[in-house]
Amino acid sequence: RSFANGLLAQVASWFGSRQIRNVATIGGNLAEGLSAADTAPALLAMDAQVIIVGETERIVPISGFFRKEGGTILHNELIKEVLIPKEFQHAAGKFLKNGKTHEDISIVSVTTVILMQQTACQKARIALGAVAPTPIRIPQAESVLEGHIPTKERIEQAAETVVANIHPIDNFRASADFRRQISRVYTIRALSECLNIAI
């Protein structure tokens, strides 16, 4: 709960049924390599690293843990630990998920994290699930905010940049157009809520 005003706790509150929340692990959620894995965007937004053990032990940035085409880099290995930089204890974070129920897989999830320095945004992180083959961060949208006062106009510009850089699909859960609309709305909402906490 100490990281990004309880970001992982926010995610856990949406994560499947009560039974799953009591036995599931973050490592198991990541290891599945699903685009809609709820914990992945939150960890991407906090620059996490994954310690992987097999014949040897290695540390991999979570941004390099998922293969571009889907799945993960795990090969007869286990996730031992997830590391989160301490600076994110001072951040504001927000997780929003669009799904039919709490138990349902995400149609879209958006995670934002903001670190402020006085009135300017020192660091911004925007990560999404279920809008590409893997969970993704959108650095192009983050750069719209970093180093600037996060005005309403900049937040809206960041959201438009998110929409321009995601690749959702049509399936039985939702259309690609619906996923784009939700991604835009949720990005604005999540960034705004982060700023209300951070300022």
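Me: Which residue is the bridge partner of Val50 in β3?
Reply: Val82 is the partner of Val50 there. Strands here are DSSP runs of E, at least two residues long, and helices are runs of H or I, at least four; both are numbered from the N terminus.

Me: What am I looking at, model-wise?
Reply: This is a predicted model: local features need pLDDT of at least 70, side-chain atom pairs count only at pLDDT 80 or more, and totals for chains, interfaces and linings use all residues. Residues are numbered from 1 along each chain as its sequence is written, and side-chain values use heavy atoms, with hydrogens and water left out.

Me: Back to β3. How many bridges join β1 to β3?
Reply: Five, and the two strands run antiparallel. β1 covers residues 49–53. Two strands pair if DSSP finds at least two bridges between them.

Me: What is the strand order in that sheet?
Reply: β2-β1-β3, an open sheet of three strands with antiparallel pairing. β2 (57–61) and β3 (78–83) are the edge strands, and each pairs on one side only. Neighbouring strands are turned by 25° against each other on average, direction ignored. Axes are lines fitted to C-alpha atoms, for helices over the stretch in contact, and angles run from 0 to 180 degrees between N-to-C directions.

Me: And the four-stranded sheet, what order does it have?
Reply: β4-β5-β6-β7, open, with antiparallel pairing. β4 (92–98) and β7 (136–137) each have a single partner strand, so one side of each lacks a neighbour in the sheet. Helix α7 (residues 176–198) packs on this sheet and touches β4, β5 and β6. The direction of α7 makes about 30° with that of β5. Contact means heavy atoms within 4.5 Å.

Me: How many residues of β4 are buried?
Reply: Seven of the seven, so β4 is largely enclosed by the rest of the structure. Buried means under 20% relative accessible area, exposed over 50%, partly exposed in between (1.4 Å probe, protein chains only).

Me: Which residues of β4 point which way?
Reply: Ala92, Lys94, Leu96 and Asn98 point one way, and Gly93, Phe95 and Lys97 the other. In general, side chains of a regular strand alternate between the two faces of the sheet.

Me: What stands opposite Gly93 in β5?
Reply: Val113. β4 and β5 pair antiparallel over seven bridges.

Me: How many bridges between β5 and β6?
Reply: Nine, joining residues 108–117 to residues 120–129, again antiparallel. Gln117 has Ala120 as its bridge partner in β6.

Me: Switching to helices. At what angle do α6 and α7 cross?
Reply: Roughly 145°, with the axes coming within 9 Å. α6 is residues 152–164.

Me: Which residues make the contact?
Reply: α6 brings Ile155, Glu156, Ala158, Ala159, Glu160, Val162 and Val163. Among those from α7 are Arg180, Thr187, Ile188 and Leu191.

Me: What does Ile188 touch?
Reply: Ile155, Glu156 and Ala159, not counting residues up to four places away in sequence. Ile188 and Ala92 are 96 residues apart in sequence and 15 Å apart in space, C-alpha to C-alpha.

Me: Last one. How many aromatic pairs does a search of the whole structure find?
Reply: One. The rings of Phe65 and Phe66 have centres 5.2 Å apart and planes at 85°, so the pair is edge-to-face. Rings of Phe, Tyr and Trp (its six-membered ring) pair if their centres lie within 6.5 Å; planes under 30 degrees apart count as stacked, over 60 as edge-to-face and the rest as tilted.

Me: Is Phe65 buried or exposed?
Reply: Phe65 is buried, and so is Phe66.
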